[in-house]
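Hi,

Here's the structure I promised to pass on. Have a look at it first, and then read my notes below.

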Amino acid sequence: MISDHIRKTFTILFVLGFFAYLFGPLIIMSLTAFNSSAFPRVTPWECFSVEWFQFLGKDAKLIEGLQNSIFIGIGVVVLAVPLGLSGALMLTQVKERVRPWYYTVTISPILVPGVVLGISTLLFWDRVGTMFGASRESVFYNGFFLTIIGQATFISAYTMLVFISRLQRFDRVQEEAALDLGATHVQTFRKILLPFLKPAIASAAVLAFLASFENYNTTVFTIVSESTLTTFLAAKVRHGINPSISALAVVIVALTLFGAALHEVFKRRELAAEKESARIAKGEQVTRRSKNRFITDPAVILIFLVTIAGLGTIYFAGTMGLDECKAAVKAEKQRVVQERVKKREQKSMFQDAGRQALTPVPKGAGAKSRPAPGTSNFQGLFSPDNLEEQAGTKEAEQEQEKTRAAGTEQFQGIFAPQNLEEQSGASEEQQ
Amino acid sequence: MGRYWQEFFLRNGTALALYLLISVACWMLLMIILPQIFMLDFSFRTNVPPPLWGTEAHGYTMEHYQYMVYGSAQSTDSYNFVDLSVFGRTILTAIFVTLIDVALCYPVAYYLAHVASGGWARLMVMALIVPFWVNELLRAFAFKIMFGSTGIINNFLVAIGILDQPFDFIRNGVALYSGLSYAYILLMIFPIYNAVESLDKNQIEAARDLGCPWWRIHWRVVIPHAKPGITSGCTMVFMLTAGALAAPQILGGPSSLWFTQIIYQAFNQAGNWARGSAYAIILLSTSIIFVLCMMKIFKVKLGEIAR
């Protein structure tokens, strides 16, 4: 019994840990977007700020990438939804013997690495272009065209799976009845099958758009000289990280969550509609709710209002009092630097005195020897135990002089020792 | 054959039949099959500048595959140790990551399917989907922030005194492994969850009533039932991890290369498309062999995998 309890506790801890692993990184990343520190981090927390979001709006390349991503996403939806639909409709009609092969081929793009898909698309259309003698400006070498085609290759397989699962619940008798009653094939398709598939089309479209929007592996090869949001993001992350990427991440996470919620709503509606029609078929009384109940739902309105109020609060909290807070943080940093410098000065003076008493070193005896005392600023520069820290001190001192002299606040803290290590850390991580 | 098509047109009507045929043919030929064949063809051709493609100079050769194994003719090494070791490391890491994911996901999937009750379970399953919707690059970026030398993990470990100075997680590959395990974990948990969920609870209870210890229930009842799910999860995670580009680019330390990065370099930096496609073919065939092995070992069909 006791071991049972232990096991249960352990399981729950494991599951909690799993969810922490799942959400922890995303939450931390989102938090760093609101810290005024120039390096994305949560500790030490400096000031609550939304300035990193303001950077985003000014980035022309980002806006361009975003527009391209949306354009490509729409193109992929237009291409992948009909392709997936026809693939799913075809599946039930191909011969029994061919079906496993058909299924394998159509589903294979999901399993093929995205990199491979991108390369093969790029190469294929390049060769086709050469065959037709098309110029380099023609559609075969166009990044948008190639990306849409390349992404649609595997996204069509996603949409096909959506349609297959919907079609499994389709009753072919309905179609036959319509045909018997004199409807043409096109009419049957439009009036019977399409309405039945409508929710699946909606969810397939959302799925296709999101999959296209966040694709990187295929896009990076097919995009050629253009850029999308993901390739822009990848370039930015590789060239050095700063919190404006976190801010972008927060925006994208919020948008994708919105998209996912939309997807969920479509799915729910599909299920609800199905239940309703099942009940109608049973002859039960069904009270029809208004079609727009999603928009008029009080809960939805409430969530909407709370979101707006929350965003407003965050914005004001992030802009008001930011300057004072930053000034305070700066002052604190400076104080720490000064303290360190003072300590070091005292320490080195003490050591100098001690050493002088013990072993008088001749002037300029070697690299390790200490220059004559009295060269104020560089006291103890060559003493071995100072070696590791000396660079930081020196620069900190210089920085202090600079501030004293010019009063320029711009460079304050740039050379502070804590910043140095983070800069070197950042540059290492960039590689 | 003729009768089949007649029936096909009759059943669908001309317009719909044409739409089905044309779009499926376009998708399968122009987008799936022909590009792969062209890539295979291209990988066997010499590397000449684009204007010469299709001319005499653009003949067939094995040089790119040989390069993968033996390296360039000028090098003194008898084998191409750089590329081969990167390839080996990529495959081994992908297998390792897959195993980690199975170990992490199986207990959680079992918990969600059979232990957790009602509303909580539904909420948790919903919550699982959320990180999946977040961009792959951003997930890698999140790990970079966490594992940085002044990241929260280092700060925490230093603060509680386990480390006296920050540990370089990125250079040591810890960040890469956790980021990769994280990236495709949801493709592992959902197949396992679906498979475990379809298991009749009575079977577990029967085993328990007959005195089976808990680990034996898993070994003899739950895992055999979840096998297709586990296989499908393993296949997906392995293929996506081996073919990942974003996470290694962002989380890889200065010295660690991923096989896809070599392909990327061949295309975008060296401008050697032929070698890039040869390497892509190597990656693709390794992935296919892996899938076939998994299908053989665990006796599942492809239809069960891609679900």
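What should the 26 residues of helix H14 of chain B span at 1.5 Å a residue, and how far apart are its end C-alpha atoms? Keep in mind that this is a predicted model. H14 of chain B covers residues 273-298, and the expected span is 38 Å. Its end C-alpha atoms are 37 Å apart, so the two values agree. Just after H14(B) comes B:Lys299, with a positive phi of about 55 degrees.

Next, the place where the chains meet. On the chain B side, 74 residues are in contact with 79 residues of chain A. H2(B) gives the largest share of that side of chain B, with 16 residues. Sorted by class, the chain B side has 53 nonpolar, 18 polar and three charged residues.

One residue to click on is B:Met39, which sits in helix H2 (residues 14-43) of chain B. B:Met39 counts as buried because 25 other C-beta atoms lie within 10 Å, and the cut-off is 20 or more. Leaving out residues up to four places away in sequence, B:Met39 touches A:Ile119, A:Ser120 and A:Leu123, as well as B:Ser277, B:Ala280 and B:Ile281. From B:Met39 to B:Ile297, the C-alpha atoms are 30 Å apart, and the two residues are 258 residues apart along the chain.

Finally, the core. The largest nonpolar core has 147 residues, and B:Ala109, B:Phe141, B:Ile189 and B:Ile192 touch the most other members. Neighbours within four places in sequence aside, the contacts of B:Ile192 include B:Cys105, B:Tyr106, B:Ala109 and B:Ile230.

Have fun with it!

Technical notes: Residues numbered from 1 in each chain as written. Chains lettered and ligands numbered in written order. Predicted model: local features only at pLDDT ≥ 70, side-chain atom pairs only at ≥ 80, totals over all residues. Helix = DSSP H or I, 4+ residues; strand = E, 2+ residues; numbered from the N terminus. Buried ≥ 20, exposed ≤ 12 C-beta atoms within 10 Å, placed from the backbone. Contact = placed C-beta atoms within 7 Å. Expected span 1.5 Å × (residues − 1). Nonpolar A, V, L, I, M, F, W, Y, C, P; charged D, E, K, R; others polar. Core = buried A, V, L, I, M, F, W, Y, C linked by C-beta atoms within 7 Å.
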